[in-house]
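Please open the structure in a viewer and keep the selection tool at hand. The tour proceeds from stop to stop, stating at each what to select and what is there.

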Amino acid sequence: MSQLQRLLGLRESSRFLFILVLLAGVAAGWPCVPSAAQSGDDLNSVLAKMNATAGKFKSAEADVEFETYQKVIDEKDLQKGRIYFRRTGKGVEAAIDLTSPAPKQVVYKDEKVSIYDKKIDQVTERDVSKYKGQVEAFLSLGIGASGDDLKRSYEVTLAGWETVQGVKTAKLALVPKDEKTRNTYNKIMLWLDPDRSIALQQQFFEPSGDYRVVRYSDMKLNSKISDDVFRLKTTGHTKLVRP
């Protein structure tokens with residue numbers, strides 16, 4: 001387990017923090033890819049478009065579905081809600097409002113991750129300031145990141161083109177260059193809408209055989225998001241826990 005995972009605490013925190021890019025299925029290897037020349041040309045074009053659009057990215061919001069698979073118990077967990085991202089002068093902020101199967105609110109803001117479990121009226125808050133760069137890099141993966149950002153941190157290949165939600169997406173295969181990151185997620189897949197340079201689906205593979213999938217729909221870009229979205233909707237009796 002990496003230092004970041006220990007800091008964020010077990011699956012509950014990491015599941016929501018890396019939502020922005022968590023994924024499904026463990027395969028024996030990468031899917032078949034196009035010929036080297038064509039793949040290289042297409043990949044360079046996709047990454048160049050990401051560079052061109054990254055500077056214009058301000059915010060995104062979408063309906064979201066998280067699928068988490070635990071190999072040891074051969075069990076899947078499915079959660080649904082609405083997710084929000086925005087860039088500020090201080091960095092990246094993210095929030096998730098989960099509605100199913102249990103209501104929860106997750107906010108990353110001011111270098112802290114806060115999870116509000118409405119059922120038990122409790123907030124779990126963790127300071128991740130020491131890992132801000134790593135956290136925000138994950139949050140931006142496929143959501144506002146540039147092509148240069150990807151190449152700096154990952155070995156990137158084009159694993160083909162697949163239709164997702166009626167959109168022909170570029171399926172990017174990422175292998176983390178950093179060993180600590182590989183110990184957490186050894187493979188990452190992004191299904192990228194090449195016109196908007198936004199991931200419609202993300203898939204993260206863990207060395208253990210566990211996986212996570214994030215699927216986005218009804219994506220809205222660069223619209224104004226209320227500050228209220230990034231505030232926890234607690235009560236006067238909410239318990240605060242700082243592990």
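**A guided tour, starting in strand S5**

Select Val-106 first: opposite this residue, in strand S5, stands Ile-115. Strands and helices here are DSSP runs (strands are E, at least two residues; helices are H or I, at least four), numbered from the N terminus. The model is predicted, and for this reason local features need pLDDT of at least 70 and side-chain atom pairs count only at pLDDT 80 or more, while totals for chains, interfaces and linings use all residues. Residues are numbered from 1 along each chain as its sequence is written, and side-chain values use heavy atoms, with hydrogens and water left out.

**The whole chain**

Display the entire chain, which contains six helices and 12 strands. Of its 243 residues, 50% count as buried; buried means under 20% relative accessible area, exposed over 50%, and partly exposed in between, with a 1.4 Å probe and protein chains only.

**S5 and its two partners**

Next, select S5, residues 112–117. Five of its six residues are buried, so S5 is largely enclosed by the rest of the structure. On one side, S4 pairs with S5 in the antiparallel sense over six bridges; strands pair if DSSP finds at least two bridges between them. These two strands form a hairpin with two residues between them, and Asp-110 in the turn has a positive phi of about 55°.

Now add strand S6, residues 122–127, which is also antiparallel to S5, over six bridges. Within this pairing, Tyr-116 has Val-123 as its bridge partner. Four residues lie between S5 and S6 in their hairpin, where Asp-121 in the turn has a positive phi of about 55°.

**Asp-117**

Which side chain of opposite charge is nearest to Asp-117? It is Lys-104, 4.1 Å away; Asp-117 is buried yet has no salt bridge. A salt bridge requires a side-chain nitrogen of Lys or Arg within 4 Å of a carboxyl oxygen of Asp or Glu. Leaving aside residues up to four places away in sequence, Asp-117 touches Pro-103, Lys-104 and Gln-122, where a contact means heavy atoms within 4.5 Å.

**The nonpolar cores**

Select Ile-83, Phe-85, Ile-143 and Tyr-216, the residues with the most contacts inside the largest nonpolar core, which has 24 residues. S5 is one of the elements that each supply at least two residues of this core; others include strand S1 (59–70), strand S2 (75–88) and helix H4 (132–139). Another core, of 19 residues, lies apart from it and includes Phe-138, Leu-141, Tyr-185 and Ile-188. A nonpolar core is a set of buried Ala, Val, Leu, Ile, Met, Phe, Trp, Tyr and Cys residues joined through side-chain atoms within 4.5 Å.

**Salt bridges**

The structure holds 20 salt bridges. Select Arg-215 and Glu-67, whose closest N and O atoms are 3.0 Å apart in a salt bridge. This pair links distant parts of the chain, with Arg-215 in strand S11 and Glu-67 in strand S1, 148 residues apart. Arg-215 is partly exposed at 27% relative accessibility, whereas Glu-67 is buried, with a relative accessible area of 12%. Add Glu-65, Lys-76 and Lys-80 to display the network of salt bridges that links them with Glu-67 and Arg-215.

As a last selection, take Asp-193 and Arg-196, which meet in a salt bridge of 3.0 Å, N to O. Asp-193 is buried, with a relative accessible area of 5%, while Arg-196 is partly exposed at 33%.

Technical notes
Lys and Arg count as positive and Asp and Glu as negative; His and the chain ends are not counted.
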